[in-house]
Amino acid sequence: GYGLFVHSLGAIKVANLRASWNDTGALLDNSGGSFAGPVTLTGSAYTEGNTNYGLQVTTKGAITVTVSDMWAANNGGYGWHLDNHNANTPQPVTLTSPNPGWAFDFDSNGWDCSGDPCVPVSGGYGLLVESLGNIKVTGLDAYSNGDTGAILDNGWPSATGSIILTT
């Protein structure tokens, strides 16, 4: 099952997320309504050892992650998938931390270790962001993920944003 399942027609705010060793880590979804409610994560965020994925966010609003510590590791399919590309107007996706350096660690996601040795999962990745708006990530570390470390995609029709990576 899910470590955390949130379905809302309004804003979603989560502080100090830990969703580990489940079938699916955490699903935060407020995309069903006409309101473009934001999804906000603060404090810390840990998603590890989930069979399918660590975190899935689906919204028509802004996605803001401001954490002092974050780790998504050893999830079977992918680490985090942050998606607001179906918004009515471009909305930003922002991942920031008050700590310099590697604040957002996506390590060893997208591997099938049911046998020996472990093999990469086709389509497995550490971080996937899909947005019509700006994508900003500070302190990204995507290491040893099965297929791709990080995909930052705002190349959708009607997208107007930029992609900014900083340390």
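The following exchange sets several features of this predicted model against their definitions.

Author: Residues are numbered from 1 along each chain as its sequence is written, and side-chain values use heavy atoms, with hydrogens and water left out. Because the model is predicted, local features need pLDDT of at least 70 and side-chain atom pairs count only at pLDDT 80 or more, while totals for chains, interfaces and linings use all residues.

Reader: Why is the aromatic pair of Y78 and Y125 called stacked?

Author: Rings of Phe, Tyr and Trp (its six-membered ring) pair if their centres lie within 6.5 Å; planes under 30 degrees apart count as stacked, over 60 as edge-to-face and the rest as tilted. A search of the whole structure finds four aromatic pairs. For Y78 and Y125 the values are 5.0 Å centre to centre and 10° between the planes, so the pair satisfies the criterion for stacking. The two residues lie 47 residues apart, Y78 in strand β7 (residues 78–83) and Y125 in strand β12 (residues 125–130). Strands here are DSSP runs (E, at least two residues), numbered from the N terminus. Y53 joins Y78 and Y125 in one aromatic cluster.

Reader: What makes Y78 count as buried?

Author: Buried means under 20% relative accessible area, exposed over 50%, and partly exposed in between (1.4 Å probe, protein chains only). Y78 has 14% relative accessibility and therefore counts as buried. At 8%, Y125 is likewise buried.

Reader: How do you know that β1 and strand β3 pair?

Author: Two strands pair if DSSP finds at least two bridges between them. β1 and β3 (residues 24–29) have five bridges in the parallel sense, so the condition is met. One of these partnerships joins Y2 to T24 in β3.

Reader: What makes β1 and β15 edge strands?

Author: Six strands form an open sheet with parallel pairing, in the order β1-β3-β5-β7-β12-β15. β1 (2–7) and β15 (148–153) each have a single partner strand, so one side of each is left without a neighbour in the sheet. The twist averages 5° from one strand to the next, the axes being lines fitted to C-alpha atoms and the angles running from 0 to 180 degrees between N-to-C directions.

Reader: Which strands pair with β8, and over how many bridges?

Author: Strand β6 (residues 63–73) pairs with β8 in the parallel sense over four bridges, and strand β13 (residues 135–138) does so over three. L95 of β8 is the bridge partner of V65 and stands opposite V137 in β13. In β8 (residues 93–96), V93 and L95 form the covered face, whereas T94 and T96 form the uncovered one. In a regular strand the side chains alternate between the two faces of the sheet.
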